[in-house]
Amino acid sequence: MTRKYKIAFMPGDGIGVDVLAAAKVVLDVSDFNAEIIPLDIGFTIFEKEGEPLPERTIEGLKECDAAFFGAITSKPRTDPDVQRIERKYGTIYRSPIVRLRQIFDLYSNMRPSKSYEGNPLNFRKIDGSIPMIDIVTFRENTEGLYSGIEFDSLIPELKVLPKFKEFQHRTGAEDSDIRISCRVFTRNGCERIIRKAFEYAEITKRNKVTVVHKANVIRATDGMFLEIAKKVAEEYPEVKWWDENIDATAMWLMKRPEEYSVIVSTNMFGDIITDQAAMLTGGLGFAASASTSNDFGVFEPNHGSAPKYAGQNKVNPIAALKSMGLMWEWLGETELADKLEMAISQNIKEGKIKTYDMGGTSSTTDVAKDIAQKFTTD
Ligand code: GGG
């Protein structure tokens with residue numbers, strides 16, 4: 001029997017509810033010893049209370065060992081619903097996902113992308129061959145272009161800077177026609193995610209890291225990222241590494257995806273290449289993630305709330321199940337994580353019980369039940 005954990009259970013919106021209910025089917029047949037604590041997050045609770053990440057959720061999370069999260073609906077601030085709710089409660093919508101990452105300093109976003117034998121959605125190269133892909137990406141999760149430092153016009157403090165003066169002169173844009181989203185990096189932020197990737201490559205004996213950036217153009221931020229990578233790499237002589245520009249990675253991922261093993265990148269680049277890697281390995285129905293600090297973790301499928309499928313018991317629960325596996329692994333429950341990974345592989349290889357995205361007609365619950373049955377069979 002494992003020690004008793006406290007796990008926050010946050011289905012969120014839309015299909016987040018469907019896939020977490022499916023994961024619960026497997027959780028219930030496992031001997032994972034946990035108190036499950038339901039917590040509110042997302043657009044549904046924003047509509048009810050004017051706050052997508054209520055204070056009680058933040059406080060509840062502080063009592064937990066980890067959080068298992070489904071999905072949320074995010075809408076731009078020009079959306080009439082957002083504006084209506086903001087007016088009603090006098091609040092401003094802020095992404096609860098980004099806030100969670102910042103409040104709990106979940107600086108590492110780890111996203112595995114793996115081909116499963118027999119998956120009809122596996123990527124085929126132009127020559128017809130199916131590469132066996134096994135990539136783990138570490139994406140910086142709290143800084144960069146998602147740091148939330150944005151301006152809705154050229155504010156006076158910036159307008160006086162020579163670079164802005166030159167920009168405004170060249171473009172002829174009025175102050176009010178300029179929007180600024182800052183890409184802010186810190187030395188510590190770069191170093192800890194790069195170290196995480198190299199450590200992982202060493203511990204798992206993958207021994208291969210690709211550092212992805214655009215240092216030749218975005219010199220201040222990505223220049224520092226690359227410079228730190230070179231220093232950190234010296235501490236891991238067993239790990240072979242190389243660096244690439246993000247555009248080259250996007251291209252080579254389509255041509256030779258099997259050559260990548262561990263990738264480390266910045267917030268936005270990491271977000272984009274992991275969606276690309278997800279499509280090479282079956283789509284968002286298979287894409288799981290672990291957002292961790294040094295002592296807390298939030299585990300969630302990469303997909304969003306897909307409102308058009310919400311409540312239909314139709315979508316693929318594998319990404320959520322894999323996220324639960326990542327949570328077990330992070331908690332040190334490796335036996336449970338390995339058993340779950342085996343059960344998922346068997347379900348995909350057999351190819352009998354599968355959701356619509358894989359060409360099947362089974363429901364979300366059917367897939368979960370099949371995986372639960374395989375999980376409990378030795
Ligand atoms: N499970 C991931 C999820 O719900 N994603 C939705 C999303 O990316 N929303 C953007 C955001 O709120 O930051």
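Reader: What makes the pair formed by G70 and the ligand a polar contact?

Author: In this predicted model, a backbone N or O atom of G70 lies 3.0 Å from a nitrogen atom of the ligand, and because a polar contact is a pair of N or O atoms within 3.5 Å, the pair qualifies.

Reader: Which polar atoms of E300 and H303 lie 2.8 Å from a nitrogen atom of the ligand?

Author: For E300 it is an N or O atom in the side chain, 2.8 Å from a nitrogen atom of the ligand, whereas for H303 it is a polar backbone atom, again at 2.8 Å from a ligand nitrogen. The protein covers 75% of the 360 Å² of accessible area that the ligand has on its own.

Reader: Why is E300 counted as the charged residue of the shell around the ligand?

Author: The residues around the ligand include E300, together with others such as S74, I97 and N302, and because Glu belongs to the charged class, E300 is the 1 charged residue, beside 5 nonpolar and 6 polar ones.

Reader: Which elements each supply at least two residues of that shell?

Author: They are β3 (66-71), α5 (96-103) and β12 (297-301), and the space taken by the ligand is the largest pocket.

Reader: What does the domain assignment give for the protein chain?

Author: The assignment gives domain 1 (1-106 + 309-378), domain 2 (123-144 + 185-280) and domain 3 (150-183), and the C-alpha centres of domain 2 and domain 3 lie 32 Å apart.

Technical notes: Residues are numbered from 1 along each chain as its sequence is written. This is a predicted model: local features need pLDDT of at least 70, side-chain atom pairs count only at pLDDT 80 or more; totals for chains, interfaces and linings use all residues. Side-chain values use heavy atoms; hydrogens and water are left out. A residue is near a molecule or strand if one of its heavy atoms lies within 4 Å of it. A polar contact is a pair of N or O atoms within 3.5 Å; within protein, one must be able to donate a hydrogen and the other to accept it, and residues adjacent in sequence count only if both atoms are side-chain atoms. Accessible areas come from the Shrake-Rupley method with a 1.4 Å probe; for residues, only the protein chains shown count as cover. On a 1 Å grid over the protein atoms alone, a cavity is a set of points where a 1.4 Å probe fits but cannot get out, and a pocket is an open set with protein on both sides within 12 Å along at least five of seven lines; lining residues have an atom within 4 Å of a point. A molecule sits in a cavity or pocket if more than half of its atoms lie within 2 Å of its grid points. Helices (H or I, at least four residues) and strands (E, at least two) are DSSP runs, numbered from the N terminus. Domain bounds come from an automatic or database domain assignment.
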